[in-house]
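Here's a quick tour of a protein model, a few spots at a time. Keep the structure open and click along as you read.

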Amino acid sequence: MPPDAPRPGGIGAAVAAAERRARESLLRGHGGGHAPVSYLELFFDLVFVFAITQLSHTLHHHLSWHGFAEALVMFLAVWWGWIYTTWVANWANPDRLPVRLLLLAVMLASLLMAVAIPEAFGRHGLVFAVAYIALQLGRSAWTTWIFRREGADRMRNMARIAAWFCLSAPLWLAGGLSADANQRLALWAAALAIEYAGPWRMFWFPGLGRSKAADWDISGSHMAERCALFVIIALGEGIVVTGTAVADAPLEPGLITAFVTAFAGSALMWWLYFDMGAQRGAQFISGHSQAGRVARNAFTYLHMPIVLGVVIGAVGDALLLEQWNRPASPAMVATNAGGLLLFMGGLGLFKRFSNTIGNFPLSHGVAMAALSLIALAALRWPVSTLDFALRCVAVLLVTAVWEWVSYHGGWMERLERLGVPYPRRMRERFERRRAEIEAQRR
């Protein structure tokens, strides 16, 4: 019998019907297992390479508290547009035509939004707002429609998300139409507050109910890989800034030192995220019984400070290469140390999820304290820009070495081999906490 021929009733008919549904489905069908990142998703990311560059340059040219608030609102919008599309691509199969057309349409809206970023609080406010609404509401509505054959629960889940974006859309439009930049900032911040509350409220909406954790049956490995790729996008901005600043400048010894320092900072941030954080995070979510909840907390929310810290750090790199032979300005101190504080704080909270004892890494806490002291001292007793940057990079280096020793042999084990007594009570507490975390994960 040919493979596609109708089978007789009973089990054969049921199997044939299941096979037909699988062929016609728009879903990946990963069942919570591995789902590879598609070439279309990588193509989609190119828009956000441009968006991150736009954000970095805009903040660089508007270095004030008000400029930072505007850049923060735009960053939150950019991140929210990217992460929601990542969730959809986790469920939907990019090889199917309706999904492919959806992602290309979202890519176009994202590109228009990125183009409008430099003047989003000026003459292109309405363009930014309309592009963002088209991106979020259009994608959610389209996904609701194409999921109509994939089960009522899945369709209702997407309908709830679309409904929450309907709530925020009037605020985006009102802000885009406002001629007052402060009013626009307030309206857009309110719109984002509504949208960011949605996942925490499980998208409850009158008449549509509340989503359940079971509705978020994602591929954990796909989510971890996608967020790691976005961290690479953000780190790439620091590399571009570093190379561009030096390409046309006279290669003096001081500038070369600043160049190496900026690169070392980017390399160490990569090391701190990818050496253990990304790997453990991927393993943790891939084997978790509630992968959707972990994706919401550890990846959707906690990757925001990580990425934002890298973007602000890229602005600090630009100032370092511009001002390496001058005293460290308050803007340079704020962007360099502030970016690293955000990065280390977000990374420490992210690692807390996958840490075997479920704690904020001590090395990261000490690094944050050291960076704060270095920044306060530089504001009180001015130092050269290059010296300040070198001190910040030294903190990253110590943190990376500390963590490397902790996870590749362990401090307790090394001290015991050297004959240094280690408090028994502390070891027992660590072992007890590790057992509790393992029990919770099972």
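## A greasy spot on the outside

First, a term: a helix here is a DSSP run of at least four residues, and helices are numbered from the N terminus. Also keep in mind that this is a predicted model.

Now look at the surface, where Phe-43, Leu-46, Val-49, Leu-97, Leu-101 and Leu-104 form a nonpolar patch. Together they offer about 540 Å² of accessible area. Helix H2 (39-61) and helix H4 (97-116) each chip in at least two residues of that patch. Take Leu-97 as an example: this residue sits in helix H4, and its relative accessible area is 57%. Exposed means over 50%, so Leu-97 counts as exposed.

## Helix H7 and its buried side

Next up is H7, which runs over residues 181-200 and has 20 residues. From first C-alpha to last, H7 reaches 29 Å, close to the 28 Å expected at 1.5 Å a residue.

Which residues of H7 are buried? They are Arg-184, Leu-185, Trp-188, Ala-191, Leu-192, Glu-195, Tyr-196, Gly-198 and Pro-199. These buried residues cover an arc of only 135° around the axis, so they lie on the same side of H7. It helps to remember that an α-helix has 3.6 residues a turn, so residues three or four places apart point the same way. What covers the buried residues of H7 includes helix H3 (65-91), helix H5 (125-146) and helix H6 (152-177). Helix H10 (291-301) and helix H11 (303-323) are also among the elements covering them.

## Two positive phi values after H7

Go on into the loop between H7 and helix H8 (220-247), and you'll find Met-202. Its phi is near 55°, a positive value in a residue other than glycine. Phe-203 is in the loop between H7 and H8 too, and phi of Phe-203 is also a positive value, near 55°.

Are these two buried or exposed? Buried means under 20% relative accessible area, so Met-202 qualifies at 10%. Phe-203 is buried as well, with a relative accessible area of 4%.

## Helix H14

Last stop: helix H14, residues 385-407. Its 23 residues should span 33 Å at 1.5 Å a residue, and the end C-alpha atoms are 34 Å apart, so the two agree.

H14 has its own set of buried residues, among them Thr-385, Leu-386, Phe-388, Ala-389, Cys-392 and Val-393. Further along H14, the buried ones include Val-395, Leu-396, Thr-399, Ala-400, Glu-403 and Val-405.

Notes: Residues are numbered from 1 along each chain as its sequence is written. This is a predicted model: local features need pLDDT of at least 70, side-chain atom pairs count only at pLDDT 80 or more; totals for chains, interfaces and linings use all residues. Side-chain values use heavy atoms; hydrogens and water are left out. Patches are made of residues with over 30% relative accessible area and no salt bridge: like charges are joined within 9 Å, nonpolar side chains (Val, Leu, Ile, Met, Phe, Trp, Tyr) within 5 Å. Accessible areas come from the Shrake-Rupley method with a 1.4 Å probe; for residues, only the protein chains shown count as cover. A salt bridge is a side-chain nitrogen of Lys or Arg within 4 Å of a carboxyl oxygen of Asp or Glu. Buried means under 20% relative accessible area, exposed over 50%, partly exposed in between (1.4 Å probe, protein chains only). The expected span of a helix is 1.5 Å times one less than its number of residues. The arc is that of the directions from the helix axis to the C-beta atoms. Contact means heavy atoms within 4.5 Å.
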